[in-house]
Amino acid sequence: MGFLSGAYGKLMAGKLVRDLQYQMTSVQSRLRRVTREIGDMENMFSAKERSMKSQMMSQMQYATLGAMQNAGFGQFDQTNMLGAISGMSNDDYSRYMGIQQAIQQQFSMAQSVWQNMFEMEKESQLQSLKDLEDSLQTEKDNLESRLKIAQAEYDAKKEEEKAGVKGLTPDYTGQS
């Protein structure tokens, strides 16, 4: 009876092992895809953020030049800002620094607003993918545990079948 029980148990445990391996392959594939999507989306947000910062820096420079012209400084040589600044009187330099500080303060506030907006947008779009990634990781861990148990059961049934075969072989020694 041990042979039949072992053989049938081995078949069923083997089927379970193969089913779990198939499920594991599927989960791993989906997990890799989601992880790649998260990475791609984070890269897209980083590029978008760098682009916005670059545009804001450019706008700040143009705003400074425009404010300087509106403040009566005339045309500024954009290629030689240090030369233009060093040729200023103390009063002009104080006005220039005041304008520069006001524009930098506005820039910092705008940058903070944009940074918060990027973080909120990034978090809202990535959260569902990260939740899916966590769920898939949990499912993968669960399948790994079940697969180890099923593999151990398969090995045990294999041994039971082997032991049952020994009980079925006739003993020709004539001793009881």
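**Entry 1: a term to start with**
I call a residue partly exposed when its relative accessible area lies between the limits for buried, under 20%, and exposed, over 50%. I tried this on glutamate 159, a residue of helix H3. Glutamate 159 has a relative accessible area of 46%, so I wrote it down as partly exposed. I should add that what I have open is a predicted model.

**Entry 2: the whole chain**
I went through the secondary structure and found three helices and zero strands. Reading from the N terminus, I get the order α-α-α. The chain has 176 residues, and 22% of them are buried. Next I turned to contacts between residues at least 6 apart in sequence. I see that 82% of those contacts join residues at least 24 apart.

**Entry 3: helix H3, end to end**
I took H3 next, which covers residues 90-168 and counts 79 residues. What span should I expect for H3 at 1.5 Å a residue? The expected figure is 117 Å, and the C-alpha atoms at the two ends are 109 Å apart, so the two agree. I also looked for bends and noted a kink in H3 of about 40°. Its centre is at leucine 126.

**Entry 4: two buried charged residues of H3**
I picked lysine 140, which sits in H3. Is lysine 140 buried or exposed? Its relative accessible area is 17%, and the limit for buried is under 20%, so lysine 140 counts as buried. I then asked which residues lysine 140 contacts, leaving aside neighbours within four places in sequence. I found Met24, Val27, Gln28 and Leu31.

Further along I stopped at glutamate 161, again a residue of H3. With a relative accessible area of 16%, glutamate 161 is under the 20% limit and therefore buried. Not counting residues up to four places away in sequence, I have glutamate 161 touching Phe3, Gly6, Ala7 and Lys10. Lysine and glutamate both go in the charged group.

**Entry 5: far in sequence, how far in space?**
I looked up some C-alpha pairs that link H3 residues with low-numbered ones.

- Isoleucine 149 belongs to H3. Its C-alpha atom is 9.1 Å from that of valine 17, with their places 132 residues apart along the chain. I have isoleucine 149 as exposed, at 56% relative accessible area.
- Alanine 156 is in H3 too. I find 9.5 Å, C-alpha to C-alpha, from alanine 156 to alanine 13, although they are 143 residues apart in sequence. Alanine 156 is partly exposed, its relative accessible area being 45%.
- Glutamate 159 came back here: it pairs with alanine 7, 152 residues away along the chain, at a C-alpha separation of 9.5 Å.
- Lysine 166 also has its place in H3. Between lysine 166 and glycine 2 I get 9.9 Å, C-alpha to C-alpha, for 164 residues in sequence. At 64% relative accessible area, lysine 166 passes the 50% limit, so I list it as exposed.

**Entry 6: a hole inside**
Rolling a probe the size of a water molecule over the atoms shows where empty space is left. How many cavities of 30 Å³ or more are there? I count one. The largest cavity holds about 40 Å³ of space.

Which residues line the largest cavity? My list reads Glu49, Met52, Lys53, Met56, Gln111, Trp114, Gln115 and Phe118. The elements giving two or more residues to this lining are helix H1, residues 2-73, and H3. I sorted the lining residues by kind and got four nonpolar, two polar and two charged. In the charged group I put Glu49 and Lys53. Met52, Met56, Trp114 and Phe118 are nonpolar, while Gln111 and Gln115 go with the polar ones.

**Entry 7: to keep in mind**
H3 bends by about 40° around leucine 126. Lysine 140 is buried, at 17%, and so is glutamate 161, at 16%. Isoleucine 149 is exposed, at 56%, as is lysine 166, at 64%.

Technical notes
Residues are numbered from 1 along each chain as its sequence is written. This is a predicted model: local features need pLDDT of at least 70, side-chain atom pairs count only at pLDDT 80 or more; totals for chains, interfaces and linings use all residues. Side-chain values use heavy atoms; hydrogens and water are left out. Helices (H or I, at least four residues) and strands (E, at least two) are DSSP runs, numbered from the N terminus. The expected span of a helix is 1.5 Å times one less than its number of residues. The bend at a residue is the angle between axes fitted to the seven residues ending there and the seven starting there. Buried means under 20% relative accessible area, exposed over 50%, partly exposed in between (1.4 Å probe, protein chains only). Contact means heavy atoms within 4.5 Å. On a 1 Å grid over the protein atoms alone, a cavity is a set of points where a 1.4 Å probe fits but cannot get out, and a pocket is an open set with protein on both sides within 12 Å along at least five of seven lines; lining residues have an atom within 4 Å of a point. Grid points are joined across faces, edges and corners, and a volume is the space filled by probe spheres set on the points.
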